[in-house]
Amino acid sequence: MAVAESFLTSCRTVIAALPELTAFRTAYALFDAAARATKGRYWCLAFDDAQAGMSPAYRLKKAIRDTVNGHADAPTTQSDRESAYRTLAAQYVPALERPRDNADELAELHRLIQEDAGT
């Protein structure tokens, strides 16, 4: 059985009211608006789990999983729940790698120039 759109819609309604969504959107907006030099810092504040209480992204993903599991009825299989979770998590929490700082980018550029030059 495929995940019903009505199930996803009911989960989206609950997710829209979650404080975790508000917290993540605030952190993500700060990251998105940050200058290139500070993007890494704001990425950490939004996505990095090496902080007290875990990141807003992690807390939102957990809330999405709890919502999916809480709204699934008996005929909903674990596979359908996982599919619904992945669909919703991808919709609300973009998968972004940590931005590289200037030193890392310069080292990579230098490596590519050397590789292109054949040395």
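Pro-56 is buried in this predicted model, with a relative accessible area of 8%. The residue is found in helix H4. Setting aside residues up to four places away in sequence, Pro-56 touches Ala-23, Phe-24, Ala-27, Leu-45, Ala-46 and Gln-51. The C-alpha atom of Pro-56 is separated by 30 Å from that of Leu-106, a residue 50 positions apart from Pro-56 along the chain.

**The loop between H3 and H4**

Two residues of the loop before Pro-56 merit description. Ser-55 is placed in the loop between H3 and H4. Its relative accessible area is 1%, so Ser-55 is classed as buried. A polar atom of the Ser-55 side chain lies 3.0 Å from the backbone nitrogen of Tyr-58. Beyond the residues up to four places away in sequence, Ser-55 touches Ala-46, Phe-47, Asp-48 and Asp-49.

Met-54 also has its place in the loop between H3 and H4. With 29% relative accessibility, Met-54 counts as partly exposed. Its phi is near 65°, a positive value in a residue other than glycine.

**The nonpolar core**

In soluble globular proteins, nonpolar side chains tend to be buried together. In this model, the largest nonpolar core has 25 residues, and Ile-64, Leu-88 and Tyr-92 are those with the most contacts inside it. At least two residues of this core are supplied by each of helix H1 (5-16), helix H2 (19-33), helix H3 (39-47), helix H4 (56-71) and helix H5 (78-92).

Tyr-92 is in contact with Arg-12, Ile-15, Leu-21, Phe-24, Arg-25, Leu-60 and Ile-64, when its neighbours within four places in sequence are left aside. Phe-24, one of these partners of Tyr-92, has its place in helix H2. At a relative accessible area of 3%, Phe-24 is buried. Its own contacts, again without neighbours within four places in sequence, are Ala-46, Phe-47, Pro-56, Ala-57, Leu-60, Tyr-92, Val-93 and Pro-94. Phe-24 and Phe-47 are 23 residues apart in sequence, and their C-alpha atoms are 8.8 Å apart in space.

Phe-47 belongs to a set of buried residues in H3, which also includes Gly-40, Trp-43, Cys-44 and Ala-46. The buried residues of H3 pack against H2 and H4.

Thr-67 lies in helix H4. Its relative accessible area is 6%, which means that Thr-67 is buried. Leaving aside neighbours within four places in sequence, the contacts of Thr-67 are with Cys-11, Val-14, Ile-15 and Leu-18.

**Salt bridges**

Side chains of opposite charge can pair when their charged atoms come close. A search of the whole structure finds 6 salt bridges. The table gives three examples.

| Pair | Closest N to O distance |
|---|---|
| Glu-82 and Arg-65 | 2.9 Å |
| Glu-108 and Arg-111 | 2.7 Å |
| Arg-111 and Glu-115 | 2.8 Å |

The salt bridge between Glu-82 and Arg-65 has its closest N and O atoms 2.9 Å apart. This pair links distant parts of the chain, with Glu-82 in helix H5 and Arg-65 in helix H4, 17 residues apart. Glu-82 is partly exposed, at a relative accessible area of 22%, and Arg-65 is likewise partly exposed, at 31%. Together with Arg-86, Arg-65 and Glu-82 are linked in a network of salt bridges.

The other two pairs in the table lie within a helix. Glu-108 and Arg-111 are both in helix H6, 3 residues apart, about one turn of the helix. Arg-111 and Glu-115 also both lie in helix H6, 4 residues apart, again about one turn of the helix. Glu-108 is partly exposed, with a relative accessible area of 24%, as is Arg-111, with 39%. Glu-115, at 53% relative accessibility, counts as exposed.

**The surface patch**

Where does Ile-113 lie? This residue is in helix H6, which covers residues 102-117. Ile-113 has a relative accessible area of 51% and is therefore exposed, the cut-off being over 50%. Leu-106, Leu-109 and Ile-113 form a nonpolar patch on the surface, and together these three residues have about 310 Å² of accessible area.

Definitions and conventions
Residues are numbered from 1 along each chain as its sequence is written. This is a predicted model: local features need pLDDT of at least 70, side-chain atom pairs count only at pLDDT 80 or more; totals for chains, interfaces and linings use all residues. Side-chain values use heavy atoms; hydrogens and water are left out. A nonpolar core is a set of buried Ala, Val, Leu, Ile, Met, Phe, Trp, Tyr and Cys residues joined through side-chain atoms within 4.5 Å. Buried means under 20% relative accessible area, exposed over 50%, partly exposed in between (1.4 Å probe, protein chains only). Contact means heavy atoms within 4.5 Å. Patches are made of residues with over 30% relative accessible area and no salt bridge: like charges are joined within 9 Å, nonpolar side chains (Val, Leu, Ile, Met, Phe, Trp, Tyr) within 5 Å. Accessible areas come from the Shrake-Rupley method with a 1.4 Å probe; for residues, only the protein chains shown count as cover. A salt bridge is a side-chain nitrogen of Lys or Arg within 4 Å of a carboxyl oxygen of Asp or Glu. A polar contact is a pair of N or O atoms within 3.5 Å; within protein, one must be able to donate a hydrogen and the other to accept it, and residues adjacent in sequence count only if both atoms are side-chain atoms.
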